[in-house]
Amino acid sequence: MDTFNAGVQYNDFKGTAAADISDNVALADYLVSLGRAEKDERVVGFRIASGENRGTPVTDVSLVAYLLRTADFDPAPKEVRAVEVRVTPGEALAFFKRFDLVAMRRGVDFSATHVDGPHYD
């Protein structure tokens, strides 16, 4: 699996994600409070993942934050530091003002599909 691309064992669904940073809860501040990040580090990427599930409610997920020192900020860093914390799905989403995940079934072409029902533009 590529570190900076989502992937699971069978990839039955693949898609895209977008997120806006929360105005109230900063992931970097949370990691500093846990002793997992330094005050001069900023979050430059993240991964939220859930392992194998057999149909039961998910109570925690893995949140991996990719960190870069503010002084070393480069739009194409050669190296980042990754830290992982376990949080509830609700805690993970609290770090974002808006979060949008879209995934489509492998092998289905939606390029000319009209959506009849709720959708977001």
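# Salt bridges and a sheet of three strands

Author: Welcome! Let us begin with one pair: Arg69 and Asp40 form a salt bridge, with their closest N and O atoms 2.5 Å apart. This is a predicted model, in which local features need pLDDT of at least 70 and side-chain atom pairs count only at pLDDT 80 or more, while totals for chains, interfaces and linings use all residues. Residues are numbered from 1 along each chain as its sequence is written, and side-chain values use heavy atoms, with hydrogens and water left out.

Reader: Why is the pair of Arg69 and Asp40 called a salt bridge?

Author: The term asks for a side-chain nitrogen of Lys or Arg within 4 Å of a carboxyl oxygen of Asp or Glu. For Arg69 and Asp40 the N and O atoms are 2.5 Å apart, so the pair meets that limit. Arg69 lies in strand S3 and Asp40 in the loop between helix H1 (27-33) and S2, so the bridge ties together parts 29 residues apart in sequence. Helices and strands here are DSSP runs numbered from the N terminus (helices: H or I, at least four residues; strands: E, at least two).

Reader: What makes Arg69 count as buried, exposed or partly exposed?

Author: Relative accessible area decides (buried is under 20%, exposed over 50%, partly exposed in between, using a 1.4 Å probe and protein chains only). Arg69 has 35%, so it is partly exposed. Asp40, with 36%, is partly exposed too.

Reader: How many salt bridges does the structure hold?

Author: There are seven salt bridges. One of them joins the side chains of Glu41 and Arg81, at 2.8 Å from N to O. Glu41 belongs to strand S2 and Arg81 to strand S4, so this pair links parts that are 40 residues apart in sequence.

Reader: Are Glu41 and Arg81 buried or partly exposed?

Author: Glu41 has a relative accessible area of 7%, so it counts as buried. Arg81 has 35% and counts as partly exposed.

Reader: What makes the meeting of Glu41 and Arg81 a polar contact as well?

Author: A polar contact is a pair of N or O atoms within 3.5 Å; within protein, one must be able to donate a hydrogen and the other to accept it, and residues adjacent in sequence count only if both atoms are side-chain atoms. The side chains of Glu41 and Arg81 come to 2.8 Å, so this pair is within the limit.

Reader: What is Arg86 paired with in its salt bridge?

Author: The side chain of Arg86 meets that of Asp60, at 3.0 Å from N to O. Arg86 is in strand S4 and Asp60 in the loop between S2 and S3, so parts 26 residues apart in sequence are tied together. Arg86, at 49%, is partly exposed, and so is Asp60, at 31%.

Reader: Which charged residue is buried yet has no salt bridge?

Author: That is Arg47, whose nearest side chain of opposite charge, Asp2, is 6.5 Å away. Lys and Arg count as positive, Asp and Glu as negative, and His and the chain ends are not counted. Arg47 sits in strand S2 (residues 41-49). The backbone oxygen of Asp2 does lie 3.5 Å from a polar atom of the Arg47 side chain.

Reader: How do you know that S2 and S3 pair?

Author: Pairing requires at least two DSSP bridges between the strands. Eight bridges join S2 to strand S3 (residues 61-69), so they pair, and they run antiparallel. Arg42 stands opposite Leu68 in S3.

Reader: What order do the strands of the open sheet have?

Author: The order of its three strands is S2-S3-S4, with antiparallel pairing. S2 and strand S4 (81-87) are the edge strands, each pairing on one side only.

Reader: What makes Leu67 count as buried?

Author: Leu67 has 2% relative accessibility, so it counts as buried. Leu67 lies in strand S3. Beyond its neighbours within four places in sequence, its contacts (heavy atoms within 4.5 Å) include Leu31, Val44 and Val83. The C-alpha atoms of Leu67 and Val44 are separated by 5.8 Å, although the two are 23 residues apart along the chain.

Reader: How many helices and strands does the protein chain have?

Author: The chain has two helices and five strands. From the N terminus on, they run β-α-β-β-β-α-β. Of the chain's 121 residues, 18% count as buried.
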